[in-house]
Structures are given as structure tokens and as C-alpha cells.
Amino acid sequence: MSFVKGLRCKECGKGYEKLPVHVCEYCFGPLEVDYDYEAIQKVVSRKSIQDGPPSMWRYRPFMPIDGDPKVGLNTGYTPLIRAKNLGKALGLKELYIKNDSVNHPTFSFKDRVVAVAVTKAIEMGFDTLSCASTGNLANSVAAHAAEAGLKSCIFIPDGLESGKILGTLIYGSKLIAVNGSYDDVNRLCSEVAATHNWAFVNINIRPYYGDGSKSYGYEIAEQLGWKTPDNVVVPVAGSSLITKIWRAFNEFKDLGLIDKVTSKIFAAQATGCSPVTTAIKNGSEMITPVKPNTIAKSIAIGNPADGYYGIKTTKISGGWGEDINDEEVVEGMRLLAETEGVFTETAGGVTVGVTKKLIEQGRIKPDESTVICITGNGLKTLEALEGQFEMPTVIQPNLKEFEEHYSSHVAV
Ligand SMILES: *Cc1c(COP(=O)(O)O)cnc(C)c1O
Ligand SMILES: [Zn+2]
């Protein structure tokens, strides 16, 4: 059953059929999915959602597919953790982390968008999947292509972490590393799309893909007991996730599933690639593209496709944007691991570090409820930790040596 009427231009409102198109041919605005909310309202309630599967598909009527999901049936419904220790360290009474570092099957929030995009690609009859990726999308598209039995050809910038590269190749994908930044890769993909009839999950089927991210927002609201938090801190690359969390909260409100939306949405970036937070801090609605230079490679997009809407989301919600340097990114990763036992990748270090900064600035207050978005897994970005720790001393396998070693290293 489909609740999708078609696509619609976000800027001029012109309607389009359900096709693999993403740009308005009149005004070049981005297209988005146009839902039949009256029909959704008839079938959706808190109970219908709670009775659904423990995955993102408990929100099936809000997803832009026509039939049943074809892949990623176990994706989503990740833990929302009450982070008491981290809250104490940061001086917050009510802190949560929404933990997509354990998302199924490739340990990042990208599994949500890809489950939708690949289902859509199958519905549209494509036999090959493709994407321009900063790493996590590559992993997820490759895994879901394998699950679906489809071919995949994936494009990444040169110089990604080995976890992202091997974590793509393992699924049998064709992987192309491009000498350039993500933005060069994306441009190349748009050219390849003109000659190859492939489903580029974040290009020609982007309108459908993006709505997979809404499930992350629905889950936050449901897991908090059908309400939204005072603050949400979101790592930003192309600005899809940040705009879709806001969309999700507002859809829930419009359908009466929650009473109100009072959340402030905050954008988090690494200073080495901060076109969105820089614009926010400058009071501008326009993105000035940058050349990325940061260890937070998964969110290093210098010319974000939805950057304008990301900025608007922070503004409308009363939020803000901040960025931190690479040293602070690693500090953020360590702080989350040491306080909560959660090992996130560089993007998660960005969100934790930016949250700390926003608290210091007084933009997030101690008695407010705050959700930090943890979107990826630390085992994929081990390179970021190189030189951070003293490697273990090797001892002979006898008690005497252990005791000598232990007593000389334990502070009295
Ligand atoms: C892609 C990605 C993001 C941000 O995604 P956008 O929707 O493009 O802003 C955040 N965190 C991680 C780990 C990612 O891989
Ligand atoms: Zn238009």
C-alpha cells in the first residue's frame, strides 16, 4: 500500500510523478516526496506503531515506498540511551544519546536511508546501485546490494579510512576511488548518471532516500515517551539528516502523535569542513563551498546539497551551529567511550564536542533535555586514534613479571 502521491518541488511546488528524478525542471529546486497525510492519519496511531516490528518499518506508512520493504528489514529502532555519566561530565541533568553506531547491518544511520533507497530502486526496476559516498553510505549500499542480489558500483574520495574501504569491498562491490574531494566525486557521479541507467541512491533517487532519515527522528520522539527533547545536536554533512529529524517531529505533531514540537535543532561540524555552521554563525542563509580538511571524513562535504535547508532548520527551531577542531573531535570520541562505553566514529566525536561547546556558550542549559545524535561506529575510523594511546607492554607469561609490571604502573 502506498501513501505517496508523487514528488513535489520544495521551492515552486510543481508536482512530479513517482520517477527517479530529484531536481525541478522549472526552478532547479530539490524535489521531495508528497504524502497523502489524510490516508496516513487513518491507519497510524501510537498503538499501531508500538505493535509494529522493532525496526524502522514500524513507521512504514511514513516511508516513500509503494509495496513492502525489500531489504534492511532489521534496520533502525536503535537504543536511545539515558547518558547519566556523560551528562554529569557535561553538566546536563537529562542527556540521551541516540545510538546508530549499532544500526543494522553496517553500523551507521545510513542503513536507514539505504533500506528505503534500495527498496525504491527495486520497485523502479534498476539492476545496479551506485552512490557518491564519504564512506558510510558506501558500506551500506554495498551491503544492501548484496542482500538484494543487485550489482553495485560505488564512488568515494581517495584517502578514506580502511574500515570504510574494506567495509565496502567485502560485499563484492565495484569501488572507485576518485582523486579529489567528495564534491568532485559527486560531480563525476552526476555525469556518470547521464550515461548509465543506475540508481544513484543520493542523486537521482535522493528524494526517497532522504526520507529514510525521518525514522531516526520518529524513534527519538517515541522512545522519549511520545515527546520531543528541548535540544537535538546533529552531525551535518549534506544536511539531509538534520532537516529530516525536524520534518519527522513536525509530522508526528501534525498527525496528533505528539502534542507539540519545542526542540531546538543544532548543527555540528568539524571546523575543517564547516560550510553550514559557518553560514549559521555569520547569519547567512547561503553556503560558501569549502575544501574539506578534517579527520571527520564521513561528514566532510564542502558543498552540501541541502545546506540551505539545514541552516533554515536551525533557524526556525531556534537552534544554532558550532564546529570544533580535530583534536576536540578525538576528545569527544574518548569522552563518550570513557563515560558511556560507546565507541563512536569521528562524526560522533564532533557531536559530543560541539554539545560541550554549546553548553559552555549557554545555548544548551543544564536543566533542559538534550539528545546527542551518534550516527556511526568507532571501529570504522581507527586511523583517527593513531598515536593517542600507549600500546600495551608485552610481558612473559609468569606471575612475577605481571606483578612487577602492574605495581610499577598502578598509581598509589
Ligand atoms: C552521512 C553521515 C552524517 C550526515 O549526513 P547528512 O544527512 O548528509 O547530513 C552524519 N554522520 C555520519 C556518521 C554519516 O555517515
Ligand atoms: Zn520548482
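How many Å separate an oxygen atom of ligand 1 from an N or O atom in the side chain of Asn-136? The gap is 2.9 Å, and the first view shows where that pair sits. A word before the close-ups: this is a predicted model.

**View 1. The surroundings of ligand 1, with its closest residues.** Ligand 1 has 15 residues around it. The closest are Lys-110, Asn-136, Gly-238, Leu-241 and Thr-375. Look for oxygen atoms of ligand 1 here: one is 2.9 Å from a side-chain N or O atom of Asn-136, and a polar side-chain atom of Lys-110 lies 2.8 Å from an oxygen atom of the ligand. With Gly-238 it's the backbone that takes part, as one of its N or O atoms lies 2.8 Å from a ligand oxygen atom.

**View 2. Helix H5 packed on helix H6.** Stay with Asn-136 for a moment, since this residue also belongs to the H5 side of a helix contact. H5 covers residues 136–148 and H6 covers residues 162–169. Their axes are 8 Å apart, at an angle of about 15 degrees. Angles under 35 degrees count as roughly parallel, so that's what H5 and H6 are to each other. The crossing of H5 past H6 is left-handed. H5 brings Asn-136, Ala-138, Asn-139 and Ala-142 to the contact, while H6 brings Gly-163, Lys-164, Gly-167 and Thr-168. Sorted by class, that makes two nonpolar, five polar and one charged residues.

**View 3. Helix H13 meeting helix H14.** Here we have residues 326–340 (H13) and residues 346–360 (H14), whose axes come within 7 Å and cross at roughly 90 degrees. The two helices are therefore roughly perpendicular to each other. On the H13 side you'll find Glu-328, Val-329, Gly-332, Met-333, Leu-335 and Leu-336. Facing them from H14 are Thr-346, Gly-349, Val-350, Val-352 and Gly-353. The tally by class is six nonpolar, four polar and one charged.

**View 4. The cis peptide bond between His-104 and Pro-105.** Check omega in this one: the value is about 0 degrees. Pro-105 sits in the loop that runs between strand E5 (94–99) and helix H4 (110–123).

**View 5. Tyr-77 and its positive phi.** Tyr-77 isn't a glycine, yet its phi is positive, near 50 degrees. You'll find Tyr-77 in the loop between helix H2 (46–50) and strand E4 (80–82).

Methods: Residues are numbered from 1 along each chain as its sequence is written. Chains are lettered from A and ligands numbered from 1 in the order in which they are written. This is a predicted model: local features need pLDDT of at least 70, side-chain atom pairs count only at pLDDT 80 or more; totals for chains, interfaces and linings use all residues. Side-chain values use heavy atoms; hydrogens and water are left out. Axes are lines fitted to C-alpha atoms, for helices over the stretch in contact, and angles run from 0 to 180 degrees between N-to-C directions. Helices (H or I, at least four residues) and strands (E, at least two) are DSSP runs, numbered from the N terminus. Angles under 35 degrees count as roughly parallel, over 145 as roughly antiparallel, 65 to 115 as roughly perpendicular and the rest as oblique. A crossing is left-handed if the near helix is turned anticlockwise from the far one by less than a right angle, and right-handed if clockwise. Contact means heavy atoms within 4.5 Å. Ala, Val, Leu, Ile, Met, Phe, Trp, Tyr, Cys and Pro count as nonpolar, Asp, Glu, Lys and Arg as charged, and the others, Gly among them, as polar. A residue is near a molecule or strand if one of its heavy atoms lies within 4 Å of it. A polar contact is a pair of N or O atoms within 3.5 Å; within protein, one must be able to donate a hydrogen and the other to accept it, and residues adjacent in sequence count only if both atoms are side-chain atoms.
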